[in-house]
Amino acid sequence: MFKLYCDGAKRNNKLYYGFVIKDDNNQIIKQDGGTIPCNNFSNNFAEYLGIIFGLIEVIKLGIKKIIVYCDADTMIKQINGSAKVKSEYMKFGYHFVMFLSKNFDYIEFMWISRKENKAADRETR
């Protein structure tokens, strides 16, 4: 099963996102990250950006089955339906992830610790 590791951060009025895609053999097939100048959004929104940009890349690669890993417990709970999405801009991130998820035959979202998500975290630097 392919794996997508995602992360996001907010520092110095900028949102940083990163992702790493691994194949069945746990080999990195794509990693990337970026920065968006923005003071009005939270660290949690940056986490959504990591998932969104990662899923877009997975779709471009033609992958149809994926497990998405993220160290943001709130995001995983929201995506899996066990927590509410309250703010309007967070709803945008949530709905975009749900829209992108329709492109997969199988998709699962799982929480992992920060320690297990170091490769994606490095992409936010």
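Trainee: Which residues touch the most other members in the largest nonpolar core?

Mentor: First the general idea. In soluble globular proteins, nonpolar side chains tend to be buried together. Now the case here, in a predicted model. The largest nonpolar core has 30 residues. Leu4, Tyr48, Ile51, Leu55, Val68 and Val97 touch the most other members.

Trainee: Which elements each supply at least two residues of this core?

Mentor: Three helices and three strands are on the list: strand 1 (2-11), strand 2 (14-22), strand 4 (65-70), helix 1 (43-60), helix 2 (73-80) and helix 3 (88-101). Helix 1 gives the largest share, eight residues.

Trainee: Where does the other core lie, and how many residues does it have?

Mentor: It lies apart from the largest one and has six residues. Tyr5, Ile67, Tyr69 and Ala120 are among them.

Trainee: Take Leu4. What is Leu4 in contact with, leaving aside neighbours within four places in sequence?

Mentor: Read the partners in groups. One run is Phe19, Val20 and Ile21. Another is Ile51, Gly54, Leu55 and Val58. The last is Ile66, Ile67, Val68 and Tyr69. Ile51, Leu55 and Val68 also appear with Leu4 among the residues that touch the most other core members.

Trainee: In what order do the elements run from the N terminus?

Mentor: The order is β-β-β-α-β-α-α-β-α. That makes four helices and five strands in the protein chain.

Trainee: How do I read the contacts by sequence separation? What share joins residues at least 24 apart?

Mentor: Start with contacts between residues at least 6 apart in sequence. Of these, 69% join residues at least 24 apart.

Trainee: Why does the radius of gyration agree with a compact globule?

Mentor: Compare two values. A compact globule of 125 residues would have a radius near 14 Å, and the protein chain has 13 Å, so the two agree. The C-alpha atoms fill a box of roughly 40 × 30 × 25 Å along the principal axes.

Trainee: What about burial and surface? How many of the 125 residues, in percent, count as buried?

Mentor: The buried share is 44%. The protein chain exposes about 6800 Å², and carbon and sulfur atoms supply 49% of that.

Trainee: And charge? How far apart are the mean positions of the positive and negative charges?

Mentor: They are 4 Å apart, with 19 positive and 14 negative charges counted.

Trainee: One last residue. Is Ser101 buried or exposed?

Mentor: Buried, because its relative accessibility is 12% and the cut-off is under 20%. Ser101 is found in helix 3. Beyond four places in sequence, Ser101 touches Ile107 and Phe109.

Note on methods:
Residues are numbered from 1 along each chain as its sequence is written. This is a predicted model: local features need pLDDT of at least 70, side-chain atom pairs count only at pLDDT 80 or more; totals for chains, interfaces and linings use all residues. Side-chain values use heavy atoms; hydrogens and water are left out. A nonpolar core is a set of buried Ala, Val, Leu, Ile, Met, Phe, Trp, Tyr and Cys residues joined through side-chain atoms within 4.5 Å. Buried means under 20% relative accessible area, exposed over 50%, partly exposed in between (1.4 Å probe, protein chains only). Contact means heavy atoms within 4.5 Å. The radius of gyration is taken over C-alpha atoms; the globule rule is 2.2 Å times the number of residues to the power 0.38. Accessible areas come from the Shrake-Rupley method with a 1.4 Å probe; for residues, only the protein chains shown count as cover. Lys and Arg count as positive and Asp and Glu as negative; His and the chain ends are not counted. The place of a charge is taken as NZ of Lys, CZ of Arg, CG of Asp or CD of Glu.
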